Amino acid sequence: MDIRTLNADIAVGPQITPADVAALAAAGYRAILCNRPDGEGADQPGFAEVAQAAQACGLPVHHLPVESGKVRDEDAQAFGVLLASLPKPVFAYCRTGTRSATLWALSQATKLPLPEILQRARSAGYDLQAVVRRVANGGQTPGDAVDATHDIVIVGGGAAGVAVAASLLARHRDLDIAIIDPAEVHYYQPGWTMVGAGVFKPEVTARTMASVLPRGVRWLKGAVAAFEPERDAVVLDGCRVVRYRQLVVCPGLKLDWQAIPGLAETLGRHGVTSNYRYDLAPYTWELVQRLRGGKAVFTQPPMPIKCAGAPQKAMYLSADHWRRQGVLDQIDIEFCNAGAVLFGVADYVPALMEYIAAYGVHLNFGHQLVAVDGPARRATFIHTHADGRKEAVLKDFDLLHVVPPQTAPDFVRVSPLADAAGWVDVDPATLRHKRHANVFALGDCANTTNAKTAAAARKQAPVVAHNLLAALGHARGEARYDGYGSCPLTVERGKIVLAEFVYGGKVAPTFPKWLIDGTRPSTLAWYLKDRVLPPMYWSGMLKGREWLAEPALTE
């Protein structure tokens, strides 16, 4: 017998026999729902036989037959009514379980988010892409109308999305481009480290979305619910459908605050903060200034994450402030990293270790934050030893800087565009989707192995722009991305270790060593971070000016 759990209330599966009913009862199921018409198959037990066995076991049983491939809206509504009334958990079945899973999905369309419905069905072994629009439409069959059609549709109005739109228009002004994004505000996220150190004011990292979108680009203000690459369509919340000739996917990633029990409830209070959120970075600076003694704990989750150096940047700048205030020796600093190394590119580690020693930081590798008790000011970590043994470790804190686990956005993770890990599956050089030739992806949502940084998106945008235009017949040759990423590691106020590297962790400096030696702390690199990079972002990258970012072309 094949039992596939959708949630605590229901499991589905293929056809059962009367002999299976006792096993279902023993497994704790309290009702059975059959969605298969009698007589569909020569080897199919009749519903009456299953019902007799169910009654003998004291289980309620109902028959809601649905023809294969013809799940009607009213069938889904009836399924929802039955599911709500039956004792739980319920086991529903048909020939393969697909109809039952579909009925459940449609019945839950107004109760659960679409990505959660698709993910639960996929985890149970059912692909429900064929009914995505119906689920997005509240469980009702939508009309066939398309709300909008554009030559190029870009999902995401962050750094990657705006940059690629600007790069496209810099190459070819006469393009029909739409950007889909529900956000009113566009953020310069690399600046939040500086906000958390009192260097930048938070407002300088934010501008309205309308002010940064390139002129001529249509802004579709909405959230994506699903992708239909076989139909060249994107489905928005409310079941609005947008068609495209070419699609660019760059919605960033998801900061999963809820993945750590107790964290969401205590963020911004009880000494718990994070520079990964605009509204919390000022609280980081407030805590740093206030702390005169005690314990400060900084965390880093498993990879991949947005800007792998950011967790320790917050630590270095905080420690530097405490040193300048003469209280560093009164503060116990711990860096709890779920990984096994301080930084993924070994060339930069010696310089970083000098600061670790100077600040008296205790390094704890293999330590993953799994729970936070804000009022008690206590954090729980799972320490994975070198031999694989795991143990829980409790740490008290006065300041806790948390970097949350990070995943692809839900609507990406459950889509046909995703790889097994949930990221958009692209060729690492061309950034074209491996299965859908008119789909590209860049930025944090792509499954490329580069560092997920704004610097990477700055290099990727021209590559996508050129290759997309080549696909439309407006350019020749192929642009290739080499995996470039940059991480300005702010080791103290006024000095930065400027890490730059490409695929494989190969060091790839932009400047000659006599000007900036990226493996050593540099005042000039700080000047770049503080004074040069913000205007380069707002007035260069987002305007299609590809300073030091022209793509390499092959014929």
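This briefing covers one buried loop residue, one enclosed helix and one nonpolar surface patch. The model is predicted. Asn35 has a relative accessible area of 0%. Helix α7 is largely enclosed by the rest of the structure. Trp514, Leu515, Leu524 and Tyr527 make a nonpolar patch on the surface.

**Asn35**
- Asn35 sits in the loop between β3 (31–34) and α2 (47–56).
- Asn35 counts as buried because its relative accessible area is 0%, and the cut-off for buried is under 20%.
- Its side chain makes a polar contact with the side chain of Ser100, at 2.6 Å.
- Beyond four places in sequence, Asn35 touches Leu64, Pro65, Val66, Phe79, Ala92, Tyr93, Cys94, Arg99, Ser100 and Leu103.

**Helix α7**
- Helix α7 covers residues 159–171.
- At 1.5 Å a residue, its 13 residues should span 18 Å. The end C-alpha atoms are 18 Å apart, so the two values agree.
- Of the 13 residues, 10 are buried, so the helix is largely enclosed.
- The buried residues are Ala160, Gly161, Val162, Ala163, Val164, Ala165, Ala166, Ser167, Leu168 and Leu169.
- These buried residues pack against strands β6 (148–155), β7 (177–180), β8 (185–187) and β13 (240–249). They also pack against helices α9 (209–212) and α15 (454–471).

**Surface patch**
- The patch made by Trp514, Leu515, Leu524 and Tyr527 has an area of about 470 Å².
- One of its members, Leu524, lies in helix α16 (residues 523–539).
- Leu524 is partly exposed, with a relative accessible area of 33%.

Notes. Residues numbered from 1 in each chain as written. Predicted model: local features only at pLDDT ≥ 70, side-chain atom pairs only at ≥ 80, totals over all residues. Heavy atoms only, no water. Helix = DSSP H or I, 4+ residues; strand = E, 2+ residues; numbered from the N terminus. Buried < 20%, exposed > 50% of the residue type's maximum accessible area, 1.4 Å probe, protein only. Polar contact = N/O pair within 3.5 Å; in protein donor to acceptor, adjacent residues only side chain to side chain. Contact = heavy atoms within 4.5 Å. Patch = residues over 30% accessible without salt bridge, like charges linked within 9 Å, V, L, I, M, F, W, Y side chains within 5 Å. Areas by Shrake-Rupley, 256 points an atom, 1.4 Å probe, with all protein chains shown as cover. Salt bridge = Lys/Arg side-chain N within 4 Å of Asp/Glu carboxyl O. Expected span 1.5 Å × (residues − 1).
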